[in-house]
Structures are given as structure tokens and as C-alpha cells.
Amino acid sequence: FVELAVAGAERRALEVLFLQPRHGAIAALASPLARLRSQGQSCPRAAAALLRSVGEASLLSGQALRREARAVAQQQAAPAPTPAHEGLDEYDYMERESASARLEEEEARLMLEALNEDPFCRFVPCLAACATDHATPCPVRCSAVTSLGRIAQLHPRVAEGLLPTLAPLCARSEPAEVRSRASLAVASLVASVPRLVEPLLEEALRAPLREEGTPALLRRGAGASP
């Protein structure tokens, strides 16, 4: 796994590992991640590979956690009302909608609890430190930003917590590579936390597209003068 990750092929390797139960995949990753961490102290490529692997693993782990949370929530939910006649009347419809909303709320609650114990989410302080440290090599910063974006997609509460770190990285003072990764990460959260992300879209996406050097078609699409 270490060699594949350093070569940039960590996603496929992780997908194979997560074909087994989540806890087995986590156990199998412990040693490779430790090796990458050790090598990353002197090798930026290994450091970037470690941070990328954490982000990809968090998504795969999160998918497994979401399935588990959904199964538990469904087991705990009261059975939906069965209409005595063909076709639902208004009360039946409203009751089913209410039951569906309660199920989603419980699933989200269980998911957040599980994420608090997820080993990959515990990398967030390290990822944030690498992403915001201007002394860190740019490829390592880019990997950290991308992985923060991956983790932020796991839950709206997580997104709320990470936006204060990601949004400033969209500033023009940041290197173009870091800024572009941060812009994509912020934009990817618009469906999760729209009230927080939509005010940031001008700075994160539209303004960069209007800058000199951007292809003319993209500049026009972003509202720039010809």
C-alpha cells in the first residue's frame, strides 16, 4: 500500500481494503499509515500520500458508517402506518413524511456520534495544521486541503466546523494550487450547508475565474468583461 500511495494510486488500494468490514480495513491500514507517517518526516511525497490516504479512507469509512447508522435507525423506528384502503389519505401522507424526517434525524445523530470516534477524522487537527502552514511544501498543503474537503462532506456539522479553516484558503494571497483545492472543497459543501457556503461562492469560485490568464469562455461565464 505504501508504494501505491506514494505513486498516487491510494484510492484503488483503499477501495480493495474496504471490501472487507470497516474494522478490518482500519486494522489493515494501521501499519501502512504508520510507515507513511514515519517516511513523511523527511519525504514530502510520503507526507502528501499520507494525507491523501486519510482523506480517501475517511470517505470510505464514512460510507460504511452511514450504512450502519441507517440500519440502526430503521430498526429503532416505529413501523409506518398501513392504510386500511387503497391509496393514502392526507393524514397517512403527513404521518409517513414525519416518520421519514425522524428517521433522517436519527440517522444523522448516529452518524455524527460514530464520526467522533472514527480514526481518520481524528487526523483533522493535523490536516488543518498542514493546510494552513505556509512553510509546508505546497503539494503537502494541497493534499491536506483536499482531505479536509473529503471529511467535511461526511456530515453538515463537520462541514460547519471545517469551513472556518477552508474558506480563508480561497484568498488571493494563497498559492494558486492551494487556492484551487480550497475553492473546490468549499463549493462541494453547498448542498450540505448552503446558508454558510453560498455567501462564500463569489470569493471561492467566481472571482478566481475572472482573473487574467483564465480561459476566455470561463471568464465570460463568471461575468468578466471580454
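1. Quick term first: a residue is called buried here if its relative accessible area is under 20%, and exposed if that figure is over 50%. Keep in mind that we're looking at a predicted model.

2. Start with helix H2, residues 10-17. Its buried residues are Glu10, Ala13, Leu14 and Leu17. These four span an arc of only 100° around the axis, so they sit on the same side of H2. The spacing fits the usual rule: an α-helix has 3.6 residues a turn, so residues three or four places apart point the same way. Note that Glu10, a charged residue, is in the buried set.

3. What about the other side of H2, and which residues are exposed there? Those are Arg12 and Val16. As for the buried residues of H2, their cover includes helix H1 (2-6), helix H3 (22-40) and helix H4 (44-76).

4. Next, the aromatics. The structure has one aromatic pair, made by Phe18 and Phe120. The ring centres are 6.5 Å apart and the planes make an angle of 55°, which gives a tilted pair; edge-to-face would need over 60 degrees.

5. Where do the two rings come from? Phe18 belongs to the loop between H2 and H3, while Phe120 is in the loop between helix H5 (90-116) and helix H6 (124-132), so the pair ties together parts that are 102 residues apart in sequence. Both partners are under the 20% cut-off: Phe18 is buried with a relative accessible area of 12%, and Phe120 is buried at 3%.

6. Further along, have a look at helix H7 (residues 138-152) against helix H9 (residues 176-187). Their axes are 9 Å apart and the packing angle is about 5°, which means H7 is roughly parallel to H9. From H7, the contact uses Cys138, Arg141, Cys142, Ser143, Val145, Thr146 and Gly149. H9 answers with Glu177, Val178, Arg181, Ala182 and Ala185. Sorted by class, this contact has six nonpolar, three polar and three charged residues; Arg141, Glu177 and Arg181 are the charged ones.

7. Finally, the overall picture. The protein has 12 helices and zero strands. Of its 226 residues, 41% are buried. Taking contacts between residues at least 6 apart in sequence, 63% join residues at least 24 apart. The Phe18 and Phe120 pair, linking parts 102 residues apart, is one concrete case to look at in the viewer.

How values were computed: Residues are numbered from 1 along each chain as its sequence is written. This is a predicted model: local features need pLDDT of at least 70, side-chain atom pairs count only at pLDDT 80 or more; totals for chains, interfaces and linings use all residues. Side-chain values use heavy atoms; hydrogens and water are left out. Axes are lines fitted to C-alpha atoms, for helices over the stretch in contact, and angles run from 0 to 180 degrees between N-to-C directions. Helices (H or I, at least four residues) and strands (E, at least two) are DSSP runs, numbered from the N terminus. Angles under 35 degrees count as roughly parallel, over 145 as roughly antiparallel, 65 to 115 as roughly perpendicular and the rest as oblique. Contact means heavy atoms within 4.5 Å. Buried means under 20% relative accessible area, exposed over 50%, partly exposed in between (1.4 Å probe, protein chains only). The arc is that of the directions from the helix axis to the C-beta atoms. Rings of Phe, Tyr and Trp (its six-membered ring) pair if their centres lie within 6.5 Å; planes under 30 degrees apart count as stacked, over 60 as edge-to-face and the rest as tilted.
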